[in-house]
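Trainee: I have not looked at this structure before. Could we go through it by question and answer?

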Amino acid sequence: MQSIQATNFAGWKQVYQEAIFELDHRHLKSKIEAARNAIDDRLAQLIKSGGTHREYLELGDAMRTLLYLERNELAA
């Protein structure tokens, strides 16, 4: 079970990192959407199976960062 959780954790984090490191504004919106979907999926899994407090905090931080990017980088 722990390896499945680690894989899911790595999955959303990879998609999230692709969004925050995207330099091309033409691709940023779709990367942000993909990251949000991955985070939402992971949250749904955590609600069913439980998760660590740390991961919940990381997911929340990631969502706030994506919101910041959307508001500041896409508006520019």
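Trainee: Is E70 buried, partly exposed or exposed?
Mentor: This is a predicted model, and the classes are set by relative accessible area. Buried means under 20% and exposed means over 50%. E70 has a relative accessibility of 26%, so E70 counts as partly exposed.

Trainee: Which side chain does E70 meet in a salt bridge?
Mentor: The pair links distant parts of the chain, 34 residues apart. E70 lies in helix α3, and the partner lies in helix α2. With a relative accessible area of 24%, the partner R36 is partly exposed. The N to O distance is 2.9 Å, and the side chain that E70 meets is that of R36.

Trainee: Which residue forms a salt bridge with R26?
Mentor: R26 counts as exposed because its relative accessibility is 71%. In this pair the closest N and O atoms are 2.7 Å apart, and the partner of R26 is D24.

Trainee: What separates R64 and D61 along the helix?
Mentor: Their side chains meet in a salt bridge, at 2.5 Å from N to O. R64 counts as exposed at 52% relative accessibility, whereas D61 counts as partly exposed at 41%. The two are three residues apart in helix α3, so what separates them is about one helical turn.

Trainee: How many salt bridges are counted in the model?
Mentor: Among them are the pairs R26 with D24 and E70 with R36. The count comes to seven.

Trainee: Which element gives the most residues to the largest nonpolar core?
Mentor: In soluble globular proteins, nonpolar side chains tend to be buried together. Here the largest nonpolar core has 13 residues, and W12, Y16, I32, I39 and L66 are those with the most contacts inside it. The elements giving two or more residues to this core are α1 (2–20), α2 (25–49) and α3 (53–72). With six residues, the element that gives the most is α2.

Trainee: Which residues does I32 touch, not counting those up to four places away in sequence?
Mentor: I32 is one of the residues with the most contacts inside the largest nonpolar core. Leaving out residues up to four places away in sequence, I32 touches A19, L66, L69, E70 and L74.

Trainee: Over which residues is the pLDDT below 50?
Mentor: The chain averages a pLDDT of 88, and 87% of the residues score at least 70. One stretch has four contacts in the model beyond near neighbours in sequence, and its pLDDT is below 50: residues 1–7.

Notes: Residues numbered from 1 in each chain as written. Predicted model: local features only at pLDDT ≥ 70, side-chain atom pairs only at ≥ 80, totals over all residues. Heavy atoms only, no water. Core = buried A, V, L, I, M, F, W, Y, C linked by side-chain atoms within 4.5 Å. Buried < 20%, exposed > 50% of the residue type's maximum accessible area, 1.4 Å probe, protein only. Helix = DSSP H or I, 4+ residues; strand = E, 2+ residues; numbered from the N terminus. Contact = heavy atoms within 4.5 Å. pLDDT = per-residue confidence, 0-100. Salt bridge = Lys/Arg side-chain N within 4 Å of Asp/Glu carboxyl O.
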